[in-house]
Structure formats: structure tokens, C-alpha cells
Amino acid sequence: MYNIKISEEIKKICPSFKGVAVYAEVINTTFSKGLWEEIDEFTQELTSTTQTDDIKLQYAIAATREAYKLCGKDPSRYRPSAEALRRRLMKGIALYQIDTLVDLINLVSLRTGYSIGGFDADKIQGNDLKLGIGRAEEPFEGIGRGVLNIEGLPVYRDSVGGIGTPTSDNERTKMELETRHILAIVNGYSGENGLKEAAEMIQELLRKYASSDGGVIQYFE
């Protein structure tokens, strides 16, 4: 597993932060019919029971938005990914179908409200990861977004640089069809409530759709 640490600057602005990571061996595929049936089921549930204005009030999303503000970022300009995904569905726009691992992480993020980092573990440099705050002009290429201004965003860094923020992960460590080991990080800016359930949900979906034994869970704070 990885040595995941929280910087003092994050601890200061978010003393209740808790995190959980899932590390697993996997086999990725281009598409999973069963997984997309679950995504479609959630989409129908969300759009029939939720108002768009209520999305930012969901506890995990609200806590992540507050962390953005405390770090110096406007969460209405740089939305946490869980919020952005829910808003997309509420507009009647289907999720992008990427591959099974990405789609699986998106489903857990949608269900729980957590913005979840999903990484190809074999692309992470070193065994140490640290959650800090993005700096001005810090290099970061968001997946499908080009250069992303991460100043004021919470960011995980490996020995080379940033790999993930709640808005977007980095192209350098993204999951692809060839990915055989993943690291999924759930960020509890709202504290530990719900983290265990989110991690176990990731494990369950990995067993069902990624030929995995579910891997191991690691809590950190």
C-alpha cells in the first residue's frame, strides 16, 4: 500500500478530514453491460427524486465545496467531480462511457457524493502520496481538460507532482484499458461518516465487473 499523508495546510482548514483508499488488482474492459444497467438505474432514481438546486446540499458534496472555499477556490467555477456528474445527469445528458474502471468509479462517486480519485497504481511514482493545496502555475494536465489551474485546489502529489484533485485527475496517472492495479481514494471532507460504505461499494463493483478480489482498504487521516 501507499504512505498517504495529509499536509498541515489541509489539516488546518479541514481538521475533520478523513480518507480511505482501495488498492486492487483488476482487469479492465471497454464496456460492462451489468455496470451500465446499475448506472441507468441510479440515473432514473436521481432524476426522479432530486432537484438540481439540492445537489450542492448533499453532505459529501457540500463539505467538498466548503473545502474549496477554504483553500481559495470557487466551487461554482471548478466543481467537484461528484457534483459535476450529478448536474450532468440532471440536465438529461448521459455520462461519458469511458471504460469499466472509470465508469465504476463514476458510479460510486454519483451514489455517495464523494469526489473519488481513480489512478493506475503502476503509474504513481514512489510510495508516498501527500494531500496539499495547489500552487500558482503548478503544472497539471487534467484528464480531457488540458492544462488545469489547480491553484487553491486540494491536490494529491507523488514524487513527481500532482496526480489528482476533486475536480479532475491527471493524465499522467489515469486508468486505461491496460491498467492492472488501481488505487482509488475517497476524500472525506465531511469526516469519516460514509467512508467505509464507499470503500466497500468500490470493492463490490470491482468484484462484479473487474475480475478482482476487491483488494485491500487503507484508512488515513
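This section describes the largest pocket, the helix α4, the packing of α5 against α6, and the surroundings of Thr 50 in a predicted model.

The largest pocket holds about 870 Å³ of space. Its lining consists of 37 residues, and those that lie nearest the centre of the pocket are Ser 81, Asn 106, Ile 143, Thr 167 and Ser 168. Two or more residues of this lining come from each of the elements α4 (81-90), α5 (100-112), β3 (116-120) and β7 (154-157). In terms of residue class, the lining of the largest pocket comprises 18 nonpolar, twelve polar and seven charged residues.

The helix α4, one of the elements that contribute to this lining, is largely enclosed by the rest of the structure, because nine of its ten residues are buried. These buried residues are Ser 81, Ala 82, Glu 83, Leu 85, Arg 86, Arg 87, Arg 88, Leu 89 and Met 90; Ser 81 is thus listed among the buried residues of α4 and is also one of the residues that lie nearest the centre of the largest pocket. The buried residues of α4 pack against α2, α3, α5 and β3, of which α5 and β3 also give two or more residues to the lining of the pocket. Just after α4, Gly 92 adopts a positive phi of about 80°.

Two packed helices are described by the angle between their axes and the distance between the axes. For α5 and α6 (residues 195-209), the axes come within 10 Å and cross at roughly 145°, and the crossing of α5 past α6 is right-handed. On the α5 side, the contact is formed by Thr 100, Leu 101, Leu 104, Leu 107, Val 108, Arg 111 and Thr 112, which meet Ala 198, Met 201, Ile 202, Leu 205, Leu 206 and Tyr 209 of α6. Divided by class, the residues of this contact are ten nonpolar, two polar and one charged.

Thr 50 is located in the loop between α2 (33-49) and α3 (59-71), and it counts as buried because its relative accessibility is 17%, where the cut-off for a buried residue is under 20%. When neighbours within four places in sequence are left aside, Thr 50 is in contact with Ile 55 and Met 90, and Met 90 is itself one of the buried residues of α4. Thr 50 and Ile 143, the latter being among the residues nearest the centre of the largest pocket, are 93 residues apart in sequence and 28 Å apart in space, C-alpha to C-alpha.

Note on methods
Residues are numbered from 1 along each chain as its sequence is written. This is a predicted model: local features need pLDDT of at least 70, side-chain atom pairs count only at pLDDT 80 or more; totals for chains, interfaces and linings use all residues. Side-chain values use heavy atoms; hydrogens and water are left out. On a 1 Å grid over the protein atoms alone, a cavity is a set of points where a 1.4 Å probe fits but cannot get out, and a pocket is an open set with protein on both sides within 12 Å along at least five of seven lines; lining residues have an atom within 4 Å of a point. Grid points are joined across faces, edges and corners, and a volume is the space filled by probe spheres set on the points. Helices (H or I, at least four residues) and strands (E, at least two) are DSSP runs, numbered from the N terminus. Ala, Val, Leu, Ile, Met, Phe, Trp, Tyr, Cys and Pro count as nonpolar, Asp, Glu, Lys and Arg as charged, and the others, Gly among them, as polar. Axes are lines fitted to C-alpha atoms, for helices over the stretch in contact, and angles run from 0 to 180 degrees between N-to-C directions. A crossing is left-handed if the near helix is turned anticlockwise from the far one by less than a right angle, and right-handed if clockwise. Contact means heavy atoms within 4.5 Å. Buried means under 20% relative accessible area, exposed over 50%, partly exposed in between (1.4 Å probe, protein chains only).
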